[in-house]
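Me: I would like to go through this structure slowly, with each answer reasoned out. Could we begin with the surface and then move inward?

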Amino acid sequence: MAAEEAVAVQTQPLDLTQHWAGYLALLVFAVAYILAMTEEVTELKKSKPMVFAASLIWIFIAVFYAKGGMSEQVGVAFRTTLESYGELFLFIMVSMTYLNAMEDRGVFDSLRVWLLSKNFSYRQLFWITGFQAFFISSACNNLTTALLMGSVILAMGKGCPRFVTLSCINVVVASNAGGSFSPFGDITTLLVWQKGVVPFADFFSLLIPAIINFVIPAAIMHFFIPQEKPAAVTEAQAMKRGGWIIIGLFVMTIITSACFENFLGLPPAAGMMMGLTYLKFFSYYLQKTHDSQPALMPMDLTDGKIDHFAPMKYMNNPQAEINQQLEKEQPFDIFQKVANLEWDTLLFFYGVMVGVGGLSFIGYMEVASHYLYGTTDPTVANILVGIASAFVDNGTIMLSVLIMEPDISEGQWLLVTLTAGVGGSMLAVGSAAGVGLMGQAKGIYTFTSHLKWTPVIVLGYFGSIAAHFLINGRFF
């Protein structure tokens with residue numbers, strides 16, 4: 001079997017870019033992606049069209065290759081793509097599980113209440129939420145970070161829609177920028193790290209360019225925010241037992257993942273899976289030491305899922321707040337946190353990665369690489385990649401670039417990591433953070449309101465590129 005696979009790998013795939021299979025694959029992928037982008041309008045979960053499209057693409061390929069007796073080659077190519085997705089899936093699964101655990105322990109809710117109780121002015125809150133979004137997104141995904149900060153902004157900005165609008169724009173920019181300098185902060189950096197084209201420590205050289213990308217538009221928007229103060233809120237919110245320990249275990253998990261990659265030569269996902277066992281053993285400890293007391297549990301809590309972003313519900317729903325207090329009596333269950341993952345997102349990435357892998361096997365990525373990096377200066381090409389990420393998901397864009405495998409320097413790889421990561425901030429639909437906040441702040445933060453500030457965000461985009469060339473010239 002190994003010998004047969006080796007022969008199949010050595011066989012060059014056929015060029016189907018001008019064949020019916022290639023045209024059909026492109027059409028199916030484009031339609032599925034449009035449906036995914038319009039999820040807020042159609043209310044069709046984005047994973048459904050993407051997984052279906054990915055399956056169809058490989059069916060088209062397999063049918064053509066089967067006629068020529070080359071089915072083994074298709075199988076090897078699909079398994080290679082599936083292996084790449086498997087590593088990404090395990091990494092994100094562990095990260096999301098830790099986020100669910102921290103949400104269950106009230107970590108994010110405590111942060112929200114602390115901000116609400118300090119009587120900050122609108123301008124102060126604008127910068128505080130921005131910087132918190134920047135640094136939190138370096139460890140968490142930009143969607144979680146944006147919705148967490150969005151709940152605070154909506155609570156503090158009642159009666160001041162301008163503050164809410166500008167703060168939401170600021171959080172979107174900060175969330176995308178914060179994830180661009182951390183190997184595990186965003187899907188783009190995670191893909192680049194797993195590919196091995198940029199060492200772990202070199203990602204942090206993008207910190208200053210990322211800060212500039214966030215600070216330039218924020219400094220301009222600062223002057224358009226009212227100088228008033230919102231009404232102070234006095235509210236006590238204690239973190240549940242084990243909250244700080246879970247935060248520490250998450251930090252240890254990230255360190256373990258980095259050590260696996262840097263010192264053992266193993267995939268980062270392997271380190272993340274070991275880190276998941278830290279939380280599993282701690283879950284066992286919490287269950288065994290749980291002070292079981294009888295509590296009247298509403299029927300909807302016995303098997304209901306814990307919302308990622310419960311703070312927003314607790315503020316607007318008194319019954320949900322009562323349910324949250326009752327839920328404190330329940331023992332901590334790690335497998336419930338795994339069950340409550342954002343499976344739609346995980347399956348969406350499956351559809352994207354497998355679909356793009358199919359298009360690459362057909363030959364379209366080689367054609368795109370020729371026109372993008374073969375006839376254009378790499379700097380111009382990478383800037384264009386960043387602009388394209390404002391219209392197409394940055395993870396998809398980065399995956400396409402990695403499949404193209406352009407022969408560029410590490411400085412250029414860092415540049416495309418930066419531009420793909422922050423380019424989505426130019427439009428509200430350019431990143432998951434923007435799409436999520438549009439749903440959370442309906443009617444206040446919209447596509448049009450974000451578009452008005454796009455020129456300012458573009459200034460930050462090119463400012464970060466200039467800073468990268470100025471500071472990180474040694475990588476070129």
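Reply: Two helices, α2 (20–37) and α4 (47–67), each supply at least two residues of a nonpolar patch, where helices are DSSP runs of H or I of at least four residues, numbered from the N terminus. This is a predicted model, in which local features need pLDDT of at least 70 and side-chain atom pairs count only at pLDDT 80 or more, while totals for chains, interfaces and linings use all residues. Residues are numbered from 1 along each chain as its sequence is written, and side-chain values use heavy atoms, with hydrogens and water left out.

Me: Which helix gives the largest share of the nonpolar patch?

Reply: Such a patch joins nonpolar side chains (Val, Leu, Ile, Met, Phe, Trp, Tyr) within 5 Å, from residues with over 30% relative accessible area and no salt bridge, that is, no side-chain nitrogen of Lys or Arg within 4 Å of a carboxyl oxygen of Asp or Glu. Here W20, L24, L27, V31, L35, L44, I59 and V63 together have about 630 Å² of accessible area, computed by the Shrake-Rupley method with a 1.4 Å probe, counting only the protein chains shown as cover for residues. The largest share, 5 residues, comes from α2.

Me: Is L24 buried, partly exposed or exposed?

Reply: L24 lies in helix α2. Buried means under 20% relative accessible area, exposed means over 50%, and partly exposed is in between (1.4 Å probe, protein chains only). Because its relative accessibility is 34%, L24 counts as partly exposed.

Me: How far apart are the end C-alpha atoms of helix α9?

Reply: Helix α9 covers residues 161–179, and 17 of its 19 residues are buried. The expected span is 1.5 Å times one less than the number of residues, so the 19 residues of α9 should span 27 Å. The model agrees with this, since the end C-alpha atoms of α9 are apart by 27 Å.

Me: What relative accessible area does S449 have?

Reply: S449 lies in helix α24 (residues 447–451). Leaving aside neighbours within four places in sequence, S449 is in contact (heavy atoms within 4.5 Å) with T165, I169 and I444. S449 is buried, because its relative accessible area is 13%.

Me: Which residues touch the most other members of the largest nonpolar core?

Reply: A nonpolar core is a set of buried Ala, Val, Leu, Ile, Met, Phe, Trp, Tyr and Cys residues joined through side-chain atoms within 4.5 Å. Of the 138 residues in the largest one, those touching the most other members are F163 and Y445.

How values were computed
Patch = residues over 30% accessible without salt bridge, like charges linked within 9 Å, V, L, I, M, F, W, Y side chains within 5 Å.
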